[in-house]
Amino acid sequence: MRPNAFPTTCHTWIGDRLRSAGEGRGEVNQHVMSVYAWPLTVYFRGTRDRWLGEPDEIVQGFFADRLAREHFFADWLQSGLPLRRWLMNAFCFYLNEVKRTGKRNRVEPGPTDEQADSSATPEEMLDRAFVVSIVRKALQQTHERCAVQGLEHHWRVFVRHHYQSAGYQQISKEFGVDAPRAAVMARTAARKFREVLRDLLVRDGAAPDHVDNEIQTLLEVSGA
Amino acid sequence: MNFKSSARQDSEFANLSELDASRLFQIGLCGPRRPVDALIDRLSQLDGHHWLDSALSTGTASMFEDPENALIRGSATLDQLKRMKEEGKSVIKRSRDRETRLNALASYFLAIAAAMVHHRNLICSRRRDELNPVLLDLASVAPGKWSDLLSQAALTPDSPR
């Protein structure tokens, strides 16, 4: 019989949530769906199995099936893989199951000669989409943190400078602060963004001491 | 569980492009830990502002009767600021006590910032492209008036040497 408890040596955010009573598992599932739905959808679109159905529905079906399994995350932690790779592997198994079900129901494969959108492999497409998804999540969480801490203006200055590429002179006019103050406000929010982003990468399985390496690797895949 | 609604993304950044995401993703890089990061961490603590007041009244900056007047309002001469910076550097090198080193590091950077803002003079050998991010990082955690001094220093051009 397999151990029921989540391994106590796994002091990760996911490990901690799964060991806690109550809503822990739900929080983990919410996190996984909000960060990984988009990368898996992009991955699916890049495979030869895309005839199986609407990407959103296939990915939701995958989550519904696998996230309900008791040992799903314990098995991931023991695998040593990044969570996105673990999910991708599990998704491949799921797609095979869907295909087998389709064969039993005499559903014929659709055309697969349609070219994917990119010359990248499905794995590379997943990693690129993961970067987009994790940045989006980090932006959302940083905004929430700034709002709670009364730093809404810092957040807006950060977005204007780092996302919309506005210069500090322009921002200083828009916000009624001098340019040095605008630079500090952006930096304050950027520090929070960095913390959130790095935490999300640790949740994906990166060792805290190797987060910079993970970022570099993903940037190379992204072509940055 | 509603799997469909759970997967919704924040609408403001729903159309984030790969290019924008890559650019923002680079903000996550920390690089090797710098000595100044220990000071930034100390100033980030809840009592950081109180700690800085105390550090300025007991450390290298106490060579001035009124550090605020000398450094923020600019009454210190360039020679005094150079002495303050050199004294801070010396303490950082010889002291084994962490608090003393942090204290001296704060004085070191505030002397550099004051020289930049009030005398347009870069009194250290660091390049501006290395120094400015450090000053802005410190400004993002320092108390208001000290934050202003540090941020102004980061964006003040120095006179040609």
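Me: How much area is buried between chain A and chain B?
Reply: About 3,900 Å² in this predicted model, and carbon and sulfur atoms give 65% of that.

Me: Which three residues of chain A supply the most of what chain A buries there?
Reply: Arg136(A), Tyr163(A) and Arg187(A), which together supply 18% of the area chain A buries against chain B.

Me: And how many residues are in contact on each side?
Reply: 48 from chain A and 38 from chain B.

Me: What about salt bridges across the interface, how many are there?
Reply: The rule finds one. Arg187(A) pairs with Asp137(B) through their side chains, at 2.5 Å from N to O.

Me: How many residue pairs are in polar contact across it?
Reply: 12, with both residues at pLDDT 80 or more.

Me: Which element of chain A gives the most to the side touching chain B?
Reply: α9(A), with 14 residues. Other elements giving two or more residues include α2 (24–45), α6 (122–148) and α10 (211–222) of chain A.

Me: What's the mix of residue classes on that side of chain A?
Reply: 27 nonpolar, 12 polar and nine charged residues.

Me: Switching to chain B: how far does helix α7 reach, first C-alpha to last?
Reply: α7(B), residues 98–119, reaches 31 Å over its 22 residues, close to the 32 Å expected.

Me: Why call α7(B) largely enclosed by the rest of the structure?
Reply: Because 16 of its 22 residues are buried, meaning under 20% relative accessible area.

Me: What follows α7(B)?
Reply: Arg120(B), with a positive phi near 50 degrees.

Notes
Residues numbered from 1 in each chain as written. Chains lettered and ligands numbered in written order. Predicted model: local features only at pLDDT ≥ 70, side-chain atom pairs only at ≥ 80, totals over all residues. Heavy atoms only, no water. Contact = heavy atoms within 4.5 Å. Buried area = accessible area lost by both parts, 1.4 Å probe. Salt bridge = Lys/Arg side-chain N within 4 Å of Asp/Glu carboxyl O. Polar contact = N/O pair within 3.5 Å; in protein donor to acceptor, adjacent residues only side chain to side chain. Helix = DSSP H or I, 4+ residues; strand = E, 2+ residues; numbered from the N terminus. Nonpolar A, V, L, I, M, F, W, Y, C, P; charged D, E, K, R; others polar. Expected span 1.5 Å × (residues − 1). Buried < 20%, exposed > 50% of the residue type's maximum accessible area, 1.4 Å probe, protein only.
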